[in-house]
Amino acid sequence: MPPKRNNFTLLIVFLAMSSVCFAQGQFTDLRVNSTMNVNQITRQPGLEFPDYPVLELPPSYKSRQLPSSVDNSVYPYLRPVFNQMGASCGQSAAVAYNFCYEIDRLRNLPANVQGNQYPSHFTWNFMNASNYYGVGVSYFHSFEILRSLGCPNEATFGPITIDDPYYWMSGYDKYFQSMHNRITAVHSIPIGTPDGLLTLKHWLKDHLEESSIGGVANFYTGVLGYFKLPANTPKAGKCVVTSWGENAVHALTIVGYDDSIRYDLNNDGQYTNNIDINSDGVVDIRDWEIGGVKFVNSYGPQWADSGFCYALYSSLAQRYGNGGIWNNTVHVIDAEL
């Protein structure tokens, strides 16, 4: 069969499958593999909105000591900071940063060359209605493409700077190559409690598999504004987010954490994690002024600290719509070797 016809057939089959992948509030696994762990989006205990299955911390990890900080941006698996094209933040965060990091980590490949980088627009253009600014695409949809179809590298598809919502990759061999770059599972990690935060920190440290190098994570949030960490505190002068916007219109990628950063949220001249600073009658993670995650953005190296920024742990735990992130949850993936 001629390559052009093969490519067309593959594309039609995939689009037909995609049309039913989001139904009744659930995603279904599109790969025909009875041994595979099928992740469905359903109601998860303690979460406001349906989400992927919660990643549970193995019992053996609960007593393990963690370092005071982890920074996975120092490894060659995180691609250099870039500026997203169009409304592709979900795919920039989940594919170009997260998926790229996770699959290059597995394969021990550097993410600073096109053959080991993965574009935003392959998955974005599938579902953006050819609308450059008006249609953002949830990375939940993109995760399903990564599981069922895979993703070409940038040497095959084209660079992250492609500025064309109509661009469509053509060629059977290219789609076949894409199918060698997939994910096998997606999980959520609720981080509105110390227990959930502990799971995230262990994921960042060793991927919950005793690896010497940990993973990264995605989340959705409101438009960003940041401050500077105070003088005479750890990481003084670095940028930090203390609260998020009302609507989840942007996606970001967590690359590490630091338990020592601090910001005086209530202006009492102290940095505390044991005072009810929000006056809700409870001392919990929402009152914490010490500790935070490090994340990377897709607004180019001119944003914040060369594209990176910190966010207080407490900001991730605030109620969504009132300073917090969507569902108080981050998402992690397992790549396929």
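Here are some worked exercises on the predicted model shown above.

**Exercise 1: Get your bearings**

Task: Work out how many helices and strands the protein has, and what share of its residues counts as buried.

Solution:
- Start with the secondary structure: the protein has eight helices and eleven strands.
- Now burial: 54% of the 337 residues count as buried.
- Then look at how contacts run along the chain. Take contacts between residues at least 6 apart in sequence; 72% of these join residues at least 24 apart.

**Exercise 2: Check the span of H7**

Task: Compare the expected span of helix H7 with the distance between its end C-alpha atoms.

Solution:
- H7 covers residues 194–206, which is 13 residues.
- The rise is 1.5 Å a residue, and the expected span uses one less than the number of residues, so H7 should span 18 Å.
- The end C-alpha atoms of H7 are 18 Å apart, which agrees.
- While you're there, pick out the buried positions: Gly196, Leu197, Thr199, Leu200, Lys201, His202, Trp203, Leu204 and Asp206.
- Step off the end of the helix and you meet His207, with a positive phi near 65°.

**Exercise 3: Take apart the largest pocket**

Task: Find the volume of the largest pocket, then say which helix gives the largest share of its lining.

Solution:
- The volume comes to about 470 Å³.
- The lining has 24 residues, and those closest to the pocket centre are Pro190, Ile191, Gly192, Thr193 and Gly196.
- Strand E4 (183–190) and H7 each supply at least two lining residues.
- H7 gives the largest share, at four residues.
- Sort the pocket lining by class and you get ten nonpolar, seven polar and seven charged residues.

**Exercise 4: Now the cavity**

Task: Count the cavities of 30 Å³ or more, and describe what lines the largest cavity.

Solution:
- The count is one cavity of 30 Å³ or more.
- The largest cavity has a volume of about 40 Å³.
- Its lining is made up of His121, Phe122, Asn125, Phe126, Phe157, Tyr167, Trp168, Met169 and Tyr175.
- Helix H3 (residues 121–127) gives the most to this lining, with four residues.
- By class, the cavity lining splits into seven nonpolar, two polar and no charged residues.

**Exercise 5: The two sides of H3**

Task: Place Ser120 and Asn128 in their loops, then decide whether each is buried or exposed.

Solution:
- Ser120 sits in the loop between H2 and H3.
- Its relative accessibility is 2%, and buried means under 20%, so Ser120 is buried.
- The Ser120 side chain makes a polar contact with the side chain of His121, at 2.9 Å. That brings us back to a residue of the cavity lining, His121.
- Leaving out residues up to four places away in sequence, Ser120 touches Ser88, Gln91, Ser92 and Ile160.
- Asn128 belongs to the loop between H3 and helix H4 (139–148).
- At 0% relative accessibility, Asn128 is buried too.
- Side chain to side chain, Asn128 makes a polar contact with Asn125 (2.9 Å). Asn125 also lines the largest cavity.
- With the same sequence neighbours left out, Asn128 touches Val135, Val137 and Pro165.

**Exercise 6: Two asparagines with positive phi**

Task: For Asn108 and Asn327, give phi and the loop, then say whether each is buried or exposed.

Solution:
- Asn108 has a phi near 55°, positive in a residue other than glycine.
- Asn108 lies in the loop between helix H2 (89–107) and H3.
- Its relative accessible area is 55%, and the cut-off for exposed is over 50%, so Asn108 is exposed.
- Asn327 also isn't a glycine, and its phi is positive at about 60°.
- You'll find Asn327 in the loop between helix H8 (313–317) and strand E11 (329–335).
- At 2% relative accessibility, Asn327 is buried.

**Exercise 7: What does Tyr299 touch?**

Task: Locate Tyr299 and trace its contacts.

Solution:
- Tyr299 is in the loop between strand E9 (290–296) and strand E10 (308–312).
- Its relative accessibility of 32% makes Tyr299 partly exposed.
- Beyond residues up to four places away in sequence, Tyr299 touches Phe82, Asn83, Gln84 and His250.
- With His250, Tyr299 makes a side chain to side chain polar contact at 3.4 Å.
- Finally, compare sequence with space: Tyr299 and Ser92 are 207 residues apart in sequence, yet 9.9 Å apart C-alpha to C-alpha.

Key
Residues are numbered from 1 along each chain as its sequence is written. This is a predicted model: local features need pLDDT of at least 70, side-chain atom pairs count only at pLDDT 80 or more; totals for chains, interfaces and linings use all residues. Side-chain values use heavy atoms; hydrogens and water are left out. Buried means under 20% relative accessible area, exposed over 50%, partly exposed in between (1.4 Å probe, protein chains only). On a 1 Å grid over the protein atoms alone, a cavity is a set of points where a 1.4 Å probe fits but cannot get out, and a pocket is an open set with protein on both sides within 12 Å along at least five of seven lines; lining residues have an atom within 4 Å of a point. Grid points are joined across faces, edges and corners, and a volume is the space filled by probe spheres set on the points. Ala, Val, Leu, Ile, Met, Phe, Trp, Tyr, Cys and Pro count as nonpolar, Asp, Glu, Lys and Arg as charged, and the others, Gly among them, as polar. Contact means heavy atoms within 4.5 Å. A polar contact is a pair of N or O atoms within 3.5 Å; within protein, one must be able to donate a hydrogen and the other to accept it, and residues adjacent in sequence count only if both atoms are side-chain atoms.
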